[in-house]
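Here is a short set of questions and answers on how some labels in this model are reached. The sequence and the structure come before them.

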Amino acid sequence: MARILAITNQKGGVGKTTSAVNLAASLASLGRNVLLIDLDPQGNATTASGIDKQGLKKTVYHLLLRTESVVDVRVRSPEGGYDLLPANRDLAGAEVELVQEKEREFRLRQGLESAAGDYDFILIDCPPALNLLTVNALTCAHAVIIPMQCEYFAIEGLADLVNTIKKIKARLNPGLVIDGVVRVMFDTRNTLAQNVSDQLKAHFGAKVFDTVVPRNVRLAEAPSHGLPALQYDRASKGAQSYLQMAQELIDKQEGNRNG
Ligand code: ATP
Ligand code: MG
């Protein structure tokens, strides 16, 4: 069965999509079957996976509304080596349309049931909000991955996120855990970043990934070519750091299974 990981942080522009896309490509290149879910109406993960989001007739929106199933919605990232449930602006309507519905928090979980056996990892790229879409992601995930820029306001926002995760765990998904905080866009020369990084380690301990993703222009350029960094510039520091993080994830999962 797939391990389902929600990549989330309600703060915008912190590297959620970059992490989701590059982890998907890296896990795939390490031989794992991967499904990436774009759960953001911005559709950035869709574009970065090499899929034109404008023309799509079937998206994750239709899965949430139960008019289509995973096999109808999923597409293959042409170069990424993984499957994708794409999204576009249609998804913005889901929030409003689902608000009156029963079991609205469970739509994604129910939609994925039929496909969980096809994958080793399912990664969910969340929108920058603690809204119903994010609640759907947290309700179906086994674990959360939180990308963080090591700056002061990031620590402030983290408390809200951790509280939300606790609430979802109590009400909707008792098994939910935080698999880790990953430091991204990291600049080693910046002493504030070092301080924040130390605070994160003090608070989250072993839940901080050993891998640190540096600020690397290749990671920012790759999406405009519709490619994960691994396919755009495999040797770049950005691509290599996500490959290392993917290996950490695999070791963690296989360690859990054996231990
Ligand atoms: P949103 O909240 O809007 O969904 P996000 O959290 O998904 O944003 P990204 O889109 O992944 O964040 O990243 C924000 C911007 O920073 C993008 O332009 C991306 O290319 C760039 N970026 C992300 N990670 C890195 C990095 N390690 N080095 C350089 N640029 C990066
Ligand atoms: Mg994003």
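Q: How many residues surround ligand 1, and which are the closest?
A: In this predicted model, 18 residues surround ligand 1. The closest are Gly13, Lys16, Thr17, Thr18 and Asn216.

Q: What makes the approach of Lys16 to ligand 1 a polar contact?
A: An N or O atom in the Lys16 side chain is 2.8 Å from an oxygen atom of ligand 1. The cut-off for a pair of N or O atoms is 3.5 Å, so this pair counts. The Thr18 side chain also has an N or O atom 2.5 Å from a ligand 1 oxygen. At Pro214, a polar backbone atom is 2.9 Å from a nitrogen atom of ligand 1. The protein covers 80% of the 630 Å² of accessible area that ligand 1 has on its own.

Q: Why is the pair of Tyr152 and Phe153 called tilted?
A: The ring centres are 5.7 Å apart, and the planes make an angle of 55°. Pairing needs centres within 6.5 Å, and stacked means under 30 degrees and edge-to-face over 60, so the pair of Tyr152 and Phe153 is tilted. The count of aromatic pairs comes to 1.

Q: Why does Phe153 count as exposed?
A: Its relative accessibility is 54%. Exposed means over 50%, so Phe153 qualifies.

Q: Which residues of helix 8 are buried?
A: They are Ala154, Gly157, Leu158, Leu161, Val162, Thr164, Ile165 and Ile168. The buried residues of helix 8 pack against helix 7, strand 6, strand 7 and helix 9.

Notes. Residues are numbered from 1 along each chain as its sequence is written. Chains are lettered from A and ligands numbered from 1 in the order in which they are written. This is a predicted model: local features need pLDDT of at least 70, side-chain atom pairs count only at pLDDT 80 or more; totals for chains, interfaces and linings use all residues. Side-chain values use heavy atoms; hydrogens and water are left out. Buried means under 20% relative accessible area, exposed over 50%, partly exposed in between (1.4 Å probe, protein chains only). Helices (H or I, at least four residues) and strands (E, at least two) are DSSP runs, numbered from the N terminus. Contact means heavy atoms within 4.5 Å. A residue is near a molecule or strand if one of its heavy atoms lies within 4 Å of it. A polar contact is a pair of N or O atoms within 3.5 Å; within protein, one must be able to donate a hydrogen and the other to accept it, and residues adjacent in sequence count only if both atoms are side-chain atoms. Accessible areas come from the Shrake-Rupley method with a 1.4 Å probe; for residues, only the protein chains shown count as cover. Rings of Phe, Tyr and Trp (its six-membered ring) pair if their centres lie within 6.5 Å; planes under 30 degrees apart count as stacked, over 60 as edge-to-face and the rest as tilted.
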